[in-house]
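Let's take a walk through this structure together, moving from the whole chain to its finer details. Keep the 3D view open as you read.

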Amino acid sequence: MRPINPRGTWTLFLREIRRFLKVKMQTIVTPALTAMLYLVIFRYAMGDRDVPGMEIDYFTFLVPGLAIMAMMQNAFANTSSSMIMGKVMGMQIYLLMAPLSAIEVVTAFLAAAVVRAMIVATVFLAVLMPFVDISLQHLGLILLYGVAASLIMGGLGLISGMWAENFDNVAMVTNFVIMPLTFLSGVFYSVKQLPELWQQINAFNPFFYLTDGFRYGFLGIGDTDPFASVTIVLGSVAVTFVLCWYLWHIGWRMKD
Amino acid sequence: MYALEINGLGKVYKNGNRALDDVSLTVPQGSFYALLGPNGAGKSTLINMIADIVRPTSGSVRMFGHDLFSERAWCKKRLGVVPQEIAFDPFFTPIEVLRFTSGLFGCKPDDSWIEELLTRLELFEHRGKGTRQLSGGMRRRLLVAQALVHRPELVILDEPTAGVDVELRRRLWGFMREQSSKGTTILLTTHYLDEAEELCDHVAIIDRGRVLTARPMRELLQDIAASDLWLNYGRAIVLTDADRIALAAFEPRESAEGVCLKLGRAAGGESTFHVAYQAAVARFGPPVDAGVKSEDLEDIFLRLTTKDREIQS
């Protein structure tokens, strides 16, 4: 099916945004608050110490990491929850019956995931701004890595939602795949603090590049060269999008 | 022009269940078409294939002359489906559901049409409520509104009146008749056969994934429906061998009050009523009362499906 329904795509995008805004306490306020709690806890646990190998205090180091972690987790939650709710409650058929191509559906879902991720990060950063001395060193990199992270995680959420048959399946992916990969992506530490072996393992975690590049955009320092990592990140976005498109196109686990 | 031309459609599920077996049907444009069959006959599988929820194993479907499987977007824009299962996004109100559905089908939401749908389906007062607050009957009517909101040329109603009270059902059918008179083709599945007989001008009966009959309703009721001539003598009549031989053409049966003869059509197409009546009078004398009972759609449905199951077993 060729992409010929821009109004339908726009409507689906708006529907997805309206859906999470209807429960904004759960989808916006709570994630921003959770990220702030992490920050407060680590602030008091670590004191005024600097991050080893970086001339920056731990508090400032944490802020961009927590922001992108919240973005990634919420982008994933947005698409996966929408998909699994549709499947479990039987609403999925309306989307399958609509004259929307796979590209249109995936575009709408991922765009809405990006919007939710951006809102959560904006709320989190806006609340913190008066308390932390943080600048925007490279706004372009912040946007690039922020949007890329949301697209990748939104895509993974979409795939998980297509695969899952119940809420438990989605929770399993969230808790056993997404949470560990985001927690171990350098949100709370610099990879230079890790033993050599773990540094090498970490190099295979795509979320590490997202976190590091996003942080570089704010602080101008990081563990890798964010300009060199752009290829890995954009490649990951492309692979995720194509996979989402293909799976929706064939009706994977949705059509008998 | 046909709204639907279904040719050799088949579906075998992964578990080996053959839900549809070489189904061929034509649904004329503008018709009110009944698709009947017992539970598990394959009706929903057929509908879901047209709606792109189930993939066919074989066969082809053309909708208004366009290939359904290669021109999905074109066909989907012209199709509205009321599914059997009631499901709504709990986050939205009826008016939001209708506006979103309209947009998904590529149409700018037409507020006057949405208002008319809500009014005619008696949902206008409830337009701002969450869908979870609606009763079962209201949700089913909202499904109908949702299927019509983008003004489709073909509407498929999969048991739309299940759980709807008689009064509302009547009004719903009145509304669907109006849509039909405006040229919308309607394909209906229902277990209320009296409704199908009253509303529909064409009918197909399917069972075990196969079409048992598909024809105009009038033709089915005239040509396929069997009629019985009941002759009341005020007493039981015991048929002798001679009676049975003399009345063999009418398959005579004894009854508590007399005798019953099966009517058919003579070579010229006229009913055999007169011949049967006279033959009975010749054997038993004039009855005290007599009457003709013709099969209705339900009788034909039961006869065809029962016969098919007997043959299959």
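What follows is a tour of chain B, its contact with chain A, and a few places worth zooming in on.

Keep in mind that this is a predicted model. Start with chain B as a whole: its C-alpha trace spans about 75 × 45 × 35 Å along the principal axes. The chain holds eleven helices and 14 strands, and buried residues make up 51% of its 313 residues. Among contacts in chain B between residues at least 6 apart in sequence, 68% join residues at least 24 apart.

Now turn to where the two chains meet. Chain B brings 30 residues to the contact and chain A brings 29. The area buried between them is about 2800 Å², with carbon and sulfur atoms giving 67% of it. On the chain B side, I53(B), F91(B) and L104(B) supply 26% of the area buried against chain A, more than any other three residues.

The interface has a polar side too. Between chain B and chain A there are 13 residue pairs in polar contact, and three salt bridges are found across the interface. One salt bridge to look up joins the side chains of K22(A) and E96(B), at 3.0 Å from N to O. Helices α2 (72-77), α3 (94-104) and α5 (136-148) of chain B each supply at least two residues of the side that touches chain A. You can also find a network of salt bridges that links K255(A), D52(B), R72(B) and K76(B).

Next, follow chain B past α5 into the loop that leads to β7 (154-158), where H150(B) lies. Is H150(B) buried or exposed? Its relative accessible area is 7%, and since buried means under 20%, H150(B) counts as buried. A polar atom of the H150(B) side chain lies 2.8 Å from the backbone oxygen of L79(B). Leaving aside residues up to four places away in sequence, H150(B) touches K76(B), K77(B), L79(B), G80(B), F105(B) and C107(B).

Salt bridges also form within chain B. R120(B) pairs with E178(B), the closest N and O atoms being 2.8 Å apart. R120(B) sits in helix α4 (residues 111-120) and E178(B) in helix α6 (residues 166-181), so this pair ties together parts that are 58 residues apart in sequence. R120(B) is partly exposed, at 31% relative accessible area, and E178(B) is partly exposed as well, at 30%. Another salt bridge joins the side chains of D228(B) and K262(B), at 3.4 Å from N to O. This pair links strand β11 to strand β13 of chain B, 34 residues apart. D228(B) counts as buried at 14% relative accessibility, whereas K262(B) is partly exposed at 27%.

Finish at helix α10 (residues 273-284) of chain B. At 1.5 Å a residue its twelve residues should span 16 Å, and the end C-alpha atoms are indeed 16 Å apart, so the two values agree. Which residues of α10(B) are buried? They are A276(B), A280(B) and F284(B). These three cover an arc of only 40 degrees around the axis, which puts them on the same side of α10(B). An α-helix has 3.6 residues a turn, so residues three or four places apart point the same way. The buried residues of α10(B) pack against β11 (227-232), α9 (241-246) and β13 (258-263) of chain B. On the other side of the helix, H274(B), V275(B), Q278(B) and A282(B) are exposed. Just after α10(B), G285(B) takes a positive phi of about 85 degrees.

Note on methods:
Residues are numbered from 1 along each chain as its sequence is written. Chains are lettered from A and ligands numbered from 1 in the order in which they are written. This is a predicted model: local features need pLDDT of at least 70, side-chain atom pairs count only at pLDDT 80 or more; totals for chains, interfaces and linings use all residues. Side-chain values use heavy atoms; hydrogens and water are left out. Helices (H or I, at least four residues) and strands (E, at least two) are DSSP runs, numbered from the N terminus. The expected span of a helix is 1.5 Å times one less than its number of residues. Buried means under 20% relative accessible area, exposed over 50%, partly exposed in between (1.4 Å probe, protein chains only). The arc is that of the directions from the helix axis to the C-beta atoms. Contact means heavy atoms within 4.5 Å. Buried area is the accessible area (1.4 Å probe) that two parts lose on being put together, summed over both. A salt bridge is a side-chain nitrogen of Lys or Arg within 4 Å of a carboxyl oxygen of Asp or Glu. A polar contact is a pair of N or O atoms within 3.5 Å; within protein, one must be able to donate a hydrogen and the other to accept it, and residues adjacent in sequence count only if both atoms are side-chain atoms.
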